[in-house]
Amino acid sequence: MPIDAAKALAAAPRQGDIAWDHKDIQLYHLGLGAGLPATDPDELRYTLESKLHVLPSFATVAGAGMAMLGGLAAPGIDVNLAAVLHGGQSVELHRPIPVKGRATSSAKVAAVYDKGKAAVIVLRTEVVDADGPLWTSDAQIFVKGEGGFGGERGPSVNNELPQRAPDRVEDRRIREEQALLYRLSGDWNPLHADPEFAKLAGFDRPILHGLCSYGMTLKAVVDTALGGDVSRVRAYRTRFAGIVFPGETLRIRMWQEPGLVRVSVTAVERDDAPVLADTVVEHA
């Protein structure tokens, strides 16, 4: 069944209540590799409840899976999940995320683009608590074989990197068990844990979650370019350009400009193969 873009866009948002506390925050941070060295004061901000702050990318796992699954079940969207790829992600912060919270999440299809041989579905989630808006996130979902329905092609995003050496280069090693820990935050896809499933999907072994690379990258930017202050992050967006395996190393290159940091992320052990592209952190 082809995508009915008009029907999908007209559908009412799917709403639900979400809640989190310090345990969810700590587990998420540990899944990103936080806590090394364990007694480092800078790392304790991610792991010790009495000093805890919240990395803004936590927004992608709060109420894990609701936006993705809810959006793909929207009226007018009938796709084969085997043809679905997470193409990009953005989060806009309206204020810092509290360590403990209860909020309402509202998810809807915000856009459907026709790329010819594929469709791109933008799933938008808006989260509001008793004090007002907290964050807005967009997941760009690439669906192979679902294009050609006559819709708009959509914007072409290409944030070119400056033609100069990066201001900072940080390497972040991915621990062998990191995907197993990260999936406890809500993404149970066996692609990230089961070797046999990974082989069926065309990979030698399980791959790391794209959103784990996304969170690791933001942590590196906050810890170095933003002086460890998560409250400075205003928005963060990326395009998933490739995979990375547990045990490999992310090389995170940063170019600092007024109000933003441009970022390139590659896999060191595979000749700097692209992992994240068109990556920007907007900040105060």
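Reader: In this predicted model, which residue follows helix 2, and what is the sign of its phi?

Author: The model is a predicted one, and the backbone just after helix 2 can be described by the phi angle of the residue there. Helix 2 is followed by glycine 33, and the phi of glycine 33, near 100°, is positive.

Reader: Which residues of helix 2 are buried, and against which elements do the buried residues pack?

Author: Helix 2 spans residues 22–31, and its buried residues are Ile25, Gln26, Tyr28, His29 and Gly31. The elements against which these buried residues pack comprise one strand and several helices, namely strand 1 (14–20), helix 3 (41–47), helix 5 (178–182) and helix 7 (210–224).

Reader: Where does proline 37 lie, and is the peptide bond from leucine 36 to proline 37 cis or trans?

Author: Proline 37 belongs to the loop between helix 2 and helix 3. For the peptide bond that runs from leucine 36 to proline 37, omega is near -10°, and the bond is cis.

Reader: Which residues touch the most other members of the largest nonpolar core, and which helix gives the most to this core?

Author: Nonpolar side chains tend to be buried together in soluble globular proteins. The largest nonpolar core here holds 50 residues, among which Trp20, Phe58 and Trp135 touch the most other members. With eight residues, the element that gives the most to this core is helix 7.

Reader: Which residues does phenylalanine 58 touch, not counting residues up to four places away in sequence?

Author: Phenylalanine 58 is one of the residues that touch the most other members of the largest nonpolar core, and two of its contacts, Ile25 and Tyr28, are also buried residues of helix 2. With residues up to four places away in sequence left out, the residues touched by phenylalanine 58 are Trp20, Asp24, Ile25, Tyr28 and Ile97.

Reader: How many residues does the second, separate core hold?

Author: Apart from the largest core there is a second, separate one, whose members include Ala8, Ile77, Val79 and Val109. The number of residues in this second core is 16.

Reader: Is alanine 107 buried or exposed, and what separates its C-alpha atom from that of glutamine 140?

Author: Alanine 107 has its place in strand 3, residues 101–114. Its relative accessible area is 5%, and because this is under 20%, alanine 107 counts as buried. Alanine 107 and glutamine 140 are 33 residues apart along the chain, and their C-alpha atoms are separated by 13 Å.

Reader: Why does the salt bridge between arginine 95 and aspartate 129 tie together parts that are apart in sequence?

Author: Side chains of opposite charge can pair when their charged atoms come close. Here the side chains of arginine 95 and aspartate 129 meet at 2.3 Å, N to O, with arginine 95 partly exposed at 26% relative accessibility and aspartate 129 buried at 16%. Because arginine 95 lies in the loop between strand 2 (84–93) and strand 3, while aspartate 129 lies in strand 4 (residues 118–129), the parts tied together are apart in sequence by 34 residues.

Reader: Which strands hold aspartate 138 and arginine 124?

Author: The side chains of aspartate 138 and arginine 124 meet in a salt bridge at 2.8 Å, N to O. Aspartate 138 is buried at 11% relative accessibility, whereas arginine 124 is partly exposed at 31%. The two residues are 14 residues apart, with aspartate 138 in strand 5 (residues 132–144) and arginine 124 in strand 4.

Reader: What distance separates the closest N and O atoms of arginine 239 and aspartate 278?

Author: Arginine 239 is partly exposed, with a relative accessible area of 38%, while aspartate 278 is buried at 11%. Arginine 239 lies in strand 7 (residues 233–240) and aspartate 278 in strand 10 (residues 273–283), so their pairing ties together parts that are 39 residues apart in sequence. The closest N and O atoms of this salt bridge are separated by 2.9 Å.

Reader: What is the phi of aspartate 271, and what is that of aspartate 272?

Author: Aspartate 271 is found in the loop between strand 9 (260–267) and strand 10, and aspartate 272 is found in the loop between strand 9 and strand 10. Aspartate 271 is exposed at 75% relative accessibility, whereas aspartate 272 is partly exposed at 27%. Although neither is a glycine, each has a positive phi, that of aspartate 271 being about 55° and that of aspartate 272 about 60°.

Note on methods
Residues numbered from 1 in each chain as written. Predicted model: local features only at pLDDT ≥ 70, side-chain atom pairs only at ≥ 80, totals over all residues. Heavy atoms only, no water. Buried < 20%, exposed > 50% of the residue type's maximum accessible area, 1.4 Å probe, protein only. Helix = DSSP H or I, 4+ residues; strand = E, 2+ residues; numbered from the N terminus. Contact = heavy atoms within 4.5 Å. Core = buried A, V, L, I, M, F, W, Y, C linked by side-chain atoms within 4.5 Å. Salt bridge = Lys/Arg side-chain N within 4 Å of Asp/Glu carboxyl O.
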